[in-house]
Each structure stands twice: as structure tokens, then as C-alpha cells.
Amino acid sequence: MSVLLETSLGDIVIDLLVAEAPKCCENFLKLCKVKYYNFSPIYSVQPNFSFQTGDPIGPGSKDSDGGSSIWGLFNPGDTSKKTFKPEFYPKLKHTERGTVSMATAPVPNDPDERLAGSQFIVTLGNDLDYLDGKAAIFGTVVEGFDALEKINTAFIDETGRPLKDIRIRHTTILDDPFDDPPGLTAPPESPIPSAAQLATIRIADDEELDEEADQEALEKLRREREARAQALTLEMVGDLPFAEVKPPENVLFVCKLNPVTQDEDLELIFSRFGKILSCEVIRDKRTGDSLQYAFIEFEEKKDCEQAYFKMDGVLIDDHRIHVDFSQSVSRLSDTWRDATNAKRKRQGGGFGGIEGLEKKRQYRVEDFREKERERERSDRYGLVLDRGEAARKRVEMSDEREDTQKRWERSSDRDDRWRPRSRSPRNDRRDRDGRHSDRRRDRSRDWHRDDRRRDRSRDRYRDDDRSYDRRRW
């Protein structure tokens with residue numbers, strides 16, 4: 001009864017001790033049959049001692065549950081079947097390299113009793129009596145000791161995990177004497193790794209590492225990748241027509257110019273190398289001052305190269321200029337953008353040449369023309385406020401308030417003949433002198449008062465609310 005483990009460092013064949021440890025062998029065989037160990041990492045590598053595997057995800061992942069026995073897989077609701085009690089055969093010892101045993105853990109209530117799940121240990125040294133009684137032996141390695149040596153010499157971190165992943169790629173059962181438990185179905189092919197397993201990859205087991213690679217070449221490769229990523233970003237934001245665009249080879253970049261140097265001067269000097277299509281000194285948009293660099297576009301590439309070799313370091317207007325090939329693609333980008341926009345205009349339709357799109361839409365306005373018509377109406381309803389219309393309305397409201405105030409002031413300065421006479425000559429003199437006039441209140445403005453009650457003092461007889469005459473004494 002044997003099992004073949006195909007690892008990333010080679011194949012390992014394990015003979016199982018069915019007579020001495022039947023339950024451990026059955027658990028291991030059935031887990032291999034359902035491909036439970038596929039893509040399982042090898043961890044806890046201790047040189048010349050042992051390595052451990054069997055957790056499909058790995059102990060360093062937050063998604064790992066430590067593995068489960070074959071009986072726990074088919075009974076996920078029963079936690080007691082996740083582990084089982086392994087057999088410890090007294091005559092089986094960890095005396096030889098390649099001894100395979102189930103990793104066990106003591107029961108919290110009974111330290112003398114130990115439980116196993118899916119993880120197992122393979123020894124990398126001889127006479128490891130420390131593992132006796134702690135790991136349940138159920139097999140031995142009969143082929144693949146070269147793979148064990150590669151695992152033994154692998155580079156590992158402080159936790160014993162290999163820096164480059166070592167994984168079980170596939171398991172093959174050579175002989176199985178046990179009946180399958182109810183519900184077990186062998187998959188027709190190896191399942192693909194889960195997302196949790198892929199998340200634990202440090203350096204892929206199939207990734208080639210060139211230890212003798214030139215550092216300059218690696219740095220160049222890194223810069224090229226970074227440049228491609230940046231170009232893709234510029235393409236996404238619209239600054240480049242496409243990420244693979246290259247600067248034109250017939251344009252020179254000239255810098256360190258004298259501020260007094262003009263376009264005509266440069267064109268005259270560089271025209272001896274060939275026909276010039278354009279020569280432009282870049283200037284400040286606001287002030288018009290020279291920024292002391294220029295772009296010169298030649299008709300032929302060879303003329304541009306000749307000017308580059310001849311004119312670098314030449315003295316022009318008491319300034320020694322520097323000449324290089326242009327790396328700007330601004331002109332290409334503008335040309336592409338103008339051509340694209342012109343094509344969209346020819347296509348017609350909505351925004352961007354697409355009939356179903358529009359640049360923006362105002363609430364309760366059907367289209368652009370309707371919006372223009374609504375703006376001409378004084379009683380329009382929209383979310384966007386016309387600032388001119390709003391200012392005009394504010395002026396009209398202010399004028400209306402001023403007129404109301406003036407009317408009120410004129411009404412308050414009425415003639416004395418309209419003012420009620422007082423029975424006191426003293427009060428009349430005060431009114432004529434203008435004193436205490438502010439204290440007198442115009443009762444005619446007390447609209448909330450009842451006229452019948454207000455004027456009752458002047459009437460000898462008056463009907464009240466109780467519908468009978470009441471004489472005032």
C-alpha cells in the first residue's frame with residue numbers, strides 16, 4: 001500500500017504500515033484520494049530534523065483551521081470527528097530518515113491522550129527519539145530521498161517556512177485496501193487552488209530566480225515596468241493618445257538659450273542642416289517672456305541627427321546652448337485629440353459623437369434648446385440661477401422697500417387737524433412744541449381692536465355684545 005506525493009522539488013513515494021497503524025493509514029489514503037493535500041505548503045522545515053505539511057492553507061494564514069480528518073470532512077457539523085485518536089505502536093521508532101508520522105496534539109483534559117487530524121511529519125535525520133510518543137508513525141519513504149535533501153537544504157525564515165514555496169502539487173494512490181466511507185467521491189482531476197491558498201504564495205514554486213542576474217539589467221527592467229505603468233496612467237487620464245506612444249525622432253530640444261534669442265534667429269542658425277518645419281521658442285503665456293528653451297522640427301530625421309552632433313555646446317547670443325532629442329509628445333497628443341474631436345463632430349449626435357449621450361442635463365429641462373428658451377422666461381423653474389436676473393430682482397425689491405418706507409413717512413407727518421384733540425391744554429402745547437409726540441400712538445393702525453369697544457367712551461348709548469341696551473352712568 002503506497003502513495004505518490006508529487007512536490008515542486010520532486011516525487012516522494014511512501015509505503016504505509018497498514019498492519020501497525022490502520023486508522024492513520026486509512027485517514028491518509030482517503031485524504032489523498034479526495035485531493036485534500038493538493039497545493040498544500042511544506043512548512044516548519046527544521047534542517048536535519050523534520051518538516052511538516054498537511055494543512056491545505058498553511059498555519060500562517062488567518063483562514064486556516066489546521067486541517068481536518070477524512071471523517072470531519074463528511075461531517076462538518078460534528079467537531080468531534082475533525083480529529084481522531086491515532087495508534088502508537090511501541091515497536092515503531094523514529095530511527096531512520098524518511099519516517100512518516102501523524103502530527104498530534106495532547107487533549108486539554110488528558111495530557112496522556114493525543115489527537116491527530118490531517119497534518120503529518122517526515123523526518124530529515126536519524127535517531128530522532130524526541131518524536132517518539134508525540135508523532136504516530138504510519139509509513140516510511142522508499143523513493144525520493146533527493147527531494148528530501150532539497151527540502152532539507154532549502155532557504156527558510158525564522159519560522160521554518162521556505163522563502164520559495166515548496167508545495168504538494170498532486171497525490172496518487174498506488175494501492176488502497178480500505179473501503180471508501182459513505183459520500184466519498186474522488187474528483188476526476190486536481191482541483192484548482194482556492195483564493196485562500198493563492199493568498200499565501202510568497203515566491204511561487206514555479207518561479208525561476210536568476211541568482212547571477214546583472215543588477216543593472218534588473219534595475220533597467222524595473223524602470224521599464226514603472227515607465228509602462230506611468231504611461232498607462234497618462235493614457236487613462238487623456239494626456240497620451242496611447243500608452244505605447246514614442247516621441248518624434250525629427251524634433252530637437254534646445255535649452256539654456258539667451259532670453260533675447262528669437263524664433264527667427266534659431267531657425268536661421270539651424271536651417272543650414274536641412275529644411276525646418278517649425279521652430280518655436282517657448283514663452284510665458286502671461287508675460288510673453290522667453291522660458292529659454294525651444295523645439296525645432298526638421299523635415300528629415302538625418303538632418304535632425306546631424307544638428308544634434310554639431311550644435312551641442314555652441315555659443316549663441318553669449319549663451320552656450322544644450323541640444324538633445326525631444327522627449328515631448330505634446331504635439332502628437334494635440335494632433336490626435338484635434339483629429340478625434342473633429343471626427344466626433346462629423347459623426348454628429350450627442351456628446352462625444354454618440355447620440356444617446358449629453359454633456360450635462362438640467363433638472364426639468366428637456367434639452368439644450370429648451371434650456372435656452374427657459375432662460376428667456378421670467379417665471380422659469382430650474383436649478384441653475386441666472387445671476388443677471390437675480391441681481392435685477394434684488395434691485396426691484398430694494399426700490400419697492402424704499403417706496404414703502406417713504407409712503408409711511410409721509411403718512412406719519414399728517415396735519416394736526418387729523419390728530420385727535422386732547423382735553424388737556426398742557427398736552428396740546430406739548431404736541432405743538434414737538435415734545436412727547438413720539439409717545440402718542442395712532443390708534444387707527446390698531447386694526448386688531450374692535451371699533452365698537454374702542455369708541456364706546458364717546459357714545460352715550462351703545463349696543464354691546466349681549467343684545468340689550470346698557471346706559472352708561
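**Exercise 1. Lysine 62 and its partner**

Task: Is lysine 62 buried or exposed, and which residue forms a salt bridge with lysine 62?

Solution:
- Step 1. Start with the cut-offs: with a 1.4 Å probe and protein chains only, buried means under 20% relative accessible area, exposed means over 50%, and partly exposed lies in between.
- Step 2. Lysine 62 has a relative accessible area of 77%, so this residue is exposed.
- Step 3. A salt bridge needs a side-chain nitrogen of Lys or Arg within 4 Å of a carboxyl oxygen of Asp or Glu.
- Step 4. Aspartate 63 is the partner, and the closest N and O atoms are 3.4 Å apart.
- Step 5. Aspartate 63 has 42% relative accessibility and is therefore partly exposed.

Before going on, please note that this is a predicted model, in which local features need pLDDT of at least 70 and side-chain atom pairs count only at pLDDT 80 or more, while totals for chains, interfaces and linings use all residues. Residues are numbered from 1 along each chain as its sequence is written, and side-chain values use heavy atoms, leaving out hydrogens and water.

**Exercise 2. A bridge between distant parts**

Task: How many salt bridges does the structure hold, and where do lysine 30 and aspartate 180 lie?

Solution:
- Step 1. The structure holds 12 salt bridges.
- Step 2. In one of them, the side chains of lysine 30 and aspartate 180 meet at 2.6 Å, N to O.
- Step 3. This pair links distant parts of the chain, 150 residues apart: lysine 30 sits in helix H1 (residues 22-33), and aspartate 180 in the loop between strand S9 (167-173) and helix H4 (195-198). Helices (H or I, at least four residues) and strands (E, at least two) are DSSP runs, numbered from the N terminus.
- Step 4. Lysine 30 is buried, at 0% relative accessible area, whereas aspartate 180 is partly exposed, at 36%.
- Step 5. Now widen the view: Lys30, Lys33, Asp176 and Asp180 are linked in a network of salt bridges.

**Exercise 3. A buried pair**

Task: Are aspartate 165 and arginine 167 buried or exposed?

Solution:
- Step 1. The side chains of these two residues, aspartate 165 and arginine 167, meet in a salt bridge of 3.3 Å, N to O.
- Step 2. Aspartate 165 has a relative accessible area of 6%, so it is buried.
- Step 3. Arginine 167 is buried too, with a value of 2%.

**Exercise 4. Cysteines**

Task: How many disulfides does a search of the whole structure find?

Solution:
- Step 1. A disulfide is a pair of cysteine sulfur atoms within 2.5 Å.
- Step 2. The search finds zero disulfides.
- Step 3. Cysteine 32 is buried, at 1% relative accessible area, and cysteine 255 is buried at 14%.
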